Amino acid sequence: MCRELESLPITCLERAKELKALFRSFLQKPDLSIISHSHKTDKIRLNMDEPLKWRQSFENLLSNQHGLCLFRAFLVSEFSEENIAFYLACEDYRITKTSSKLSVKAKKIYEEFVCSDAPREVNLDHETKAITKKNLERPSQSCFSLAQEKIYTLMEKDCYPRFLKSITYLEISRQVKAG
């Protein structure tokens, strides 16, 4: 979804700037540590072999806390963060136990990411949107499975290769190889 820069909410632009600064600080650290932007200022150590594992598979990248953080920041910089946000919302949804919570979460995810003109609409074909909408009539833990699979494939085939070619990832890999 392409949008003109000035039409983005200020918070979106501020978050992208924060993540860009995080990238810079991450790359300037010789010990490859990340400063956490939580309420604490704890250092999180990056294991030296982590960036190399991220290259092995998209699943390795997403299952690693630091890899996911950097990939998400990369998507923010490319104005396509809604894809990983949708994917993670679906992951959270799938582990929901009670049917009352399923219904509330399903509606929220659908309205935020799937319906036409959603604020963070993901790129899904009409058929997938229709199937997902139909699935909401009887919410189950799998009602977003098809849509999630499509977005996962989109990220794996499109965003992930670009991430691996990004300056940030290449610099991290270079620093790891240099020891």
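**Figure 1. The largest nonpolar core of the predicted model.** This core holds 39 residues. F71, F86, F144 and M155 touch the most other members. Two or more residues each come from α3 (58-62), α4 (65-77), α5 (81-94), α6 (99-114), α8 (145-164) and α9 (167-178). The largest share is that of α8, with eight residues. In soluble globular proteins, nonpolar side chains tend to be buried together.

**Figure 2. The surroundings of F71.** Neighbours within four places in sequence are left aside here. F71 then contacts F58, L61, L62 and I84. Its other partners are M155, C159, Y160 and F163. M155 and F71 are both among the core residues that touch the most other members.

**Figure 3. The buried residues of α8 and their cover.** A147, Q148, I151, Y152, M155, C159, Y160, F163 and L164 are buried. Their cover includes α2 (50-56), α3, α4, α5, α7 (126-135) and α9. An α-helix has 3.6 residues a turn, so residues three or four places apart point the same way.

**Figure 4. The kink in α8.** The helix bends by about 40°. The kink is centred on E156.

**Figure 5. The whole protein chain.** The chain has nine helices and two strands. Their order along the sequence is α-β-β-α-α-α-α-α-α-α-α. Of the 179 residues, 39% are buried. Among contacts between residues at least 6 apart in sequence, 55% join residues at least 24 apart. The accessible surface is about 10900 Å². Carbon and sulfur atoms account for 54% of that surface.

Technical notes:
Residues numbered from 1 in each chain as written. Predicted model: local features only at pLDDT ≥ 70, side-chain atom pairs only at ≥ 80, totals over all residues. Heavy atoms only, no water. Helix = DSSP H or I, 4+ residues; strand = E, 2+ residues; numbered from the N terminus. Buried < 20%, exposed > 50% of the residue type's maximum accessible area, 1.4 Å probe, protein only. Contact = heavy atoms within 4.5 Å. Areas by Shrake-Rupley, 256 points an atom, 1.4 Å probe, with all protein chains shown as cover. Core = buried A, V, L, I, M, F, W, Y, C linked by side-chain atoms within 4.5 Å. Bend = angle between axes of the 7 residues up to and from the residue.
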